[in-house]
Every structure is written in structure tokens, then in C-alpha cells.
Amino acid sequence: MVGVRSDTVPQHKVPGPRSESSGSRARTRDPGGRVDIPGSVIEKAASKATGEVSGARAARSRSARASVSGEVVLLRLRVDVDYPRSVTRVAGAVREHVKDRIERITGKQVHHIDIEIAELVR
């Protein structure tokens, strides 16, 4: 349309985040770049999360080891358990809590957690 002027500029429709009611996650715009989380950071977070479980605490020496491959994390934990608590119940609670905490903090998937009971503590 030659010679026709308009005071308004058409707005481009930008799709907004989907609501939870539609069954899809809300998405935010990613600014780009990447975030590297070294295994040592995941190890520290796993040790702290172990101590948050009733009846368990991280062992004194090298309480967590993490192996990170892309978006997958494998963990090995050394745990002290309060005596006379059930070792299998405490280990199960530690496994569940640490998995949830690491996945929430890092956004990575915890694939496997090995737990070594280092000591029973009175």
C-alpha cells in the first residue's frame, strides 16, 4: 500500500508460557549459554542432604563421590547411621531425599545412588 501511513505498528504475537492446567510445564525463555556444575559441587550438596535425614549423617571422610556425564549423575555415599535405627530404612530415606534434593538443585537426573554404611553411631 503505497502512500498509506498508520500510527499503529502491528504487534507480533509472542507465545506465552503454558499453564499447568493444560498439562504442559510453564517455560521461560533461556538466555543462552551453558551452566557447568562440577562433581565437587554435587558431592557437597549430597553430603549436606544426607545430614538432613533423621538418623543419618555424612561420614567424616569423603562422604560423597559424584560422577557426572552430561545430564546424568551417579552418586556413591558413605553414611553413618544412629544406633539402633534400621539401617535399610535409613538408607532408603537417604537415597530418596538425596535424589530429590540433587535433582531439584542441579536440574540433572540422578540415575543411581550406592550407599555404604560407614559406621553405627551411638
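Reader: Which residues are linked with Arg-76 in a network of salt bridges?

Author: In this predicted model, Glu-116 forms a salt bridge with Arg-78, with their closest N and O atoms 3.6 Å apart. The two belong to distant parts of the chain, Glu-116 to strand 4 and Arg-78 to strand 3, 38 residues apart. The network that includes Arg-76 is completed by Arg-78 and Glu-116.

Reader: Which residue of strand 4 is the bridge partner of Arg-78?

Author: Strand 3 and strand 4 (residues 109–121) run parallel and are joined by 11 bridges. One residue of strand 4, Glu-119, is the bridge partner of Asp-80. For Arg-78, the bridge partner in strand 4 is Glu-116.

Reader: Are Arg-78 and Glu-116 buried, partly exposed or exposed?

Author: Buried means under 20% relative accessible area and exposed means over 50%, with partly exposed in between. Arg-78 has a relative accessible area of 23%, and Glu-116 has 31%. Because these values lie between the two cut-offs, Arg-78 is partly exposed and Glu-116 is also partly exposed.

Reader: In what order do the elements of the protein run from the N terminus on?

Author: The protein has two helices and four strands. Helix 1 covers 39–51, and helix 2 covers residues 87–106. Read from the N terminus, the order of the elements is α-β-β-β-α-β.

Reader: What is the handedness of the β-α-β unit made by strand 3, helix 2 and strand 4?

Author: The two strands of this unit, strand 3 and strand 4, run parallel. Helix 2 (residues 87–106) makes up the unit together with them. The β-α-β unit is right-handed.

Reader: How many bridges join strand 2 to strand 3?

Author: Strand 2 covers residues 64–69 and runs antiparallel to strand 3. One of its residues, Ala-64, has Leu-77 in strand 3 as its bridge partner. The bridges joining strand 2 to strand 3 come to six.

Reader: Which residue in the hairpin of strand 2 and strand 3 takes a positive phi?

Author: This hairpin has two residues between the strands. A positive phi near 65° is found there at Gly-70.

Reader: Which residue in strand 3 stands opposite Arg-57?

Author: Strand 1 (residues 56–58) pairs with strand 3 (residues 72–82) in the antiparallel sense, over three bridges. Opposite Arg-57 in strand 3 stands Asp-80.

Reader: How many residues apart in sequence are the parts tied together by Glu-52 and Arg-101?

Author: The side chains of Glu-52 and Arg-101 meet in a salt bridge, at 3.2 Å from N to O. Glu-52 lies in the loop between helix 1 and strand 1, while Arg-101 lies in helix 2, so the parts that the pair ties together are apart in sequence by 49 residues.

Reader: Is Lys-108 buried or exposed?

Author: Lys-108 and Glu-71 meet through their side chains in a salt bridge, at 3.6 Å from N to O. Lys-108 lies in the loop between helix 2 and strand 4 and Glu-71 in the loop between strand 2 and strand 3, so the pair ties together parts 37 residues apart in sequence. The relative accessibility of Lys-108 is 9%, and the cut-off for buried is under 20%. Lys-108 therefore counts as buried.

Reader: Which residues form a nonpolar patch on the surface?

Author: One member of the patch, Leu-120, is found in strand 4. At 46% relative accessibility, Leu-120 counts as partly exposed. The patch has about 330 Å² of accessible area together, and its residues are Tyr-83, Val-87, Ile-117 and Leu-120.

Reader: What percentage of the accessible surface of the protein belongs to carbon and sulfur atoms?

Author: Of the 122 residues of the protein, 25% count as buried. The accessible surface comes to about 9600 Å², and the share belonging to carbon and sulfur atoms is 49%.

Reader: Among contacts between residues at least 6 apart in sequence, what percentage join residues at least 24 apart?

Author: The contacts considered here are those in the protein between residues at least 6 apart in sequence. Of these, the share joining residues at least 24 apart is 61%.

Methods: Residues numbered from 1 in each chain as written. Predicted model: local features only at pLDDT ≥ 70, side-chain atom pairs only at ≥ 80, totals over all residues. Heavy atoms only, no water. Pairing = 2+ DSSP bridges. Right-handed = clockwise from strand over helix to strand, strands pointing away. Patch = residues over 30% accessible without salt bridge, like charges linked within 9 Å, V, L, I, M, F, W, Y side chains within 5 Å. Areas by Shrake-Rupley, 256 points an atom, 1.4 Å probe, with all protein chains shown as cover. Salt bridge = Lys/Arg side-chain N within 4 Å of Asp/Glu carboxyl O. Buried < 20%, exposed > 50% of the residue type's maximum accessible area, 1.4 Å probe, protein only. Contact = heavy atoms within 4.5 Å.
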